[in-house]
Amino acid sequence: MVPVAGVDGCRSGWVVATGGETFVCRDFGAVVEALPGDAVVAVDMPIGLPDEYVPGGRAADRAARRELPARRSSVFSAPTRRALGASTLAEARARGCPMTIQALDILPKIREVDEVMTPALQARVHEVHPELCFDAMNRGARSLGSKRERAGRTARRALLRRLGIVVPARVTGASEDDVLDAGAALWGARRLATGTGRRVPEPPPVDRRGLRMEICW
């Protein structure tokens with residue numbers, strides 16, 4: 001079976017779940033190097049960035065929100081490539097990309113991914129959104145609640161366990177939310193590896209570097 005991994009950003013770098021182990025890498029390049037060369041990888045971070053700002057973000061961001069009407073606020077708009085490197089909201093706006101403080105906080109990680117990604121690597125490294133994964137796992141059943149609450153985290157952990165994905169309660173350098181999201185991304189990677197995953201939009205546009213701008217699950 002093709003090796004798979006789910007990846008999410010965390011305070012110490014990136015938390016990686018493979019099904020056999022969960023560990024943290026310092027940067028995204030180290031993530032790619034740590035995994036087998038044929039691994040299918042699902043990462044919760046934008047891949048493929050627009051040149052110009054559009055309200056609501058990329059077509060993929062807008063389509064993902066339509067798939068998650070109850071949790072649409074969990075889908076951040078990807079920044080423009082020109083905004084990478086901005087250190088303040090004012091600087092981002094000056095670069096033509098208004099954004100929230102939450103989006104600003106993850107700009108360094110988006111930049112890491114953008115510096116590593118190539119169209120060839122995107123054949124096996126895919127952007128996913130954990131809440132789309134959890135929603136599909138849950139198959140429209142009762143809401144899982146918020147990850148900010150213990151009940152929401154417990155429900156997500158139980159859902160992962162039912163599907164054969166066990167992630168540790170604690171990983172040094174990562175929050176419980178990050179570990180759970182890496183587990184959800186791992187589930188998405190398994191679907192992508194077997195050709196049963198979904199993506200929006202279909203077909204996806206590509207950015208000027210040839211990267212597909214899509215969100216998978």
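This section describes the sheet, the helices around it and one loop residue in a predicted model. Local features were considered at pLDDT of at least 70 and side-chain atom pairs only at pLDDT 80 or more, whereas totals for chains, interfaces and linings use all residues. Residues are numbered from 1 along each chain as its sequence is written, and side-chain values use heavy atoms, with hydrogens and water left out.

Helices (H or I, at least four residues) and strands (E, at least two) are DSSP runs, numbered from the N terminus. An open sheet is formed by five strands in the order β3-β2-β1-β4-β5, with mixed pairing; two strands pair if DSSP finds at least two bridges between them. Strands β3 and β5 (125-127) are the edge strands, each pairing on one side only. On average, neighbouring strands of this sheet are turned by 25 degrees against each other, direction ignored.

At the β3 edge, strand β2 (residues 13-17) pairs with β3 in the antiparallel sense over four bridges. Val24 of β3 is the bridge partner of Val15. Four residues lie between the strands of this hairpin, in which Gly19 takes a positive phi near 95 degrees. The side chains of β3 (residues 22-25) alternate: those of Phe23 and Cys25 point to one face and are buried, while those of Thr22 and Val24 point to the other and are not. Here buried means under 20% relative accessible area, exposed over 50%, and partly exposed in between (1.4 Å probe, protein chains only).

Two helices lie across strands of the sheet. Helix α5 (residues 107-116) lies across β1 (4-10) and β2, running at about 65 degrees to β2. Helix α8 lies across β1, β2, β4 (40-43) and β5, and runs at about 150 degrees to β1. Axes are lines fitted to C-alpha atoms, for helices over the stretch in contact, and angles run from 0 to 180 degrees between N-to-C directions; contact means heavy atoms within 4.5 Å.

Helix α8 (residues 176-193) is mostly covered, with 14 of its 18 residues buried. Its end C-alpha atoms are 26 Å apart, in agreement with the 26 Å that its 18 residues should span at 1.5 Å a residue; the expected span is 1.5 Å times one less than the number of residues. Just after α8, Gly195 takes a positive phi of about 75 degrees.

Helix α6 is also mostly covered, seven of its nine residues being buried. Among the elements that cover its buried residues are α2, α7, α8 and β7 (215-216). Helices α6 (residues 130-138) and α7 (residues 150-162) pack at an angle of about 65 degrees, with their axes 11 Å apart. The contact is made by Glu131, Phe134, Met137 and Asn138 of α6 together with Arg156, Leu159 and Leu160 of α7. Immediately after α6, Arg139 takes a positive phi of about 50 degrees.

Outside these elements, Arg72 lies in the loop between α2 (59-67) and α3 (89-94). Arg72 counts as partly exposed because its relative accessibility is 45%. Arg72 and Glu52 are 20 residues apart in sequence and 22 Å apart in space, C-alpha to C-alpha.
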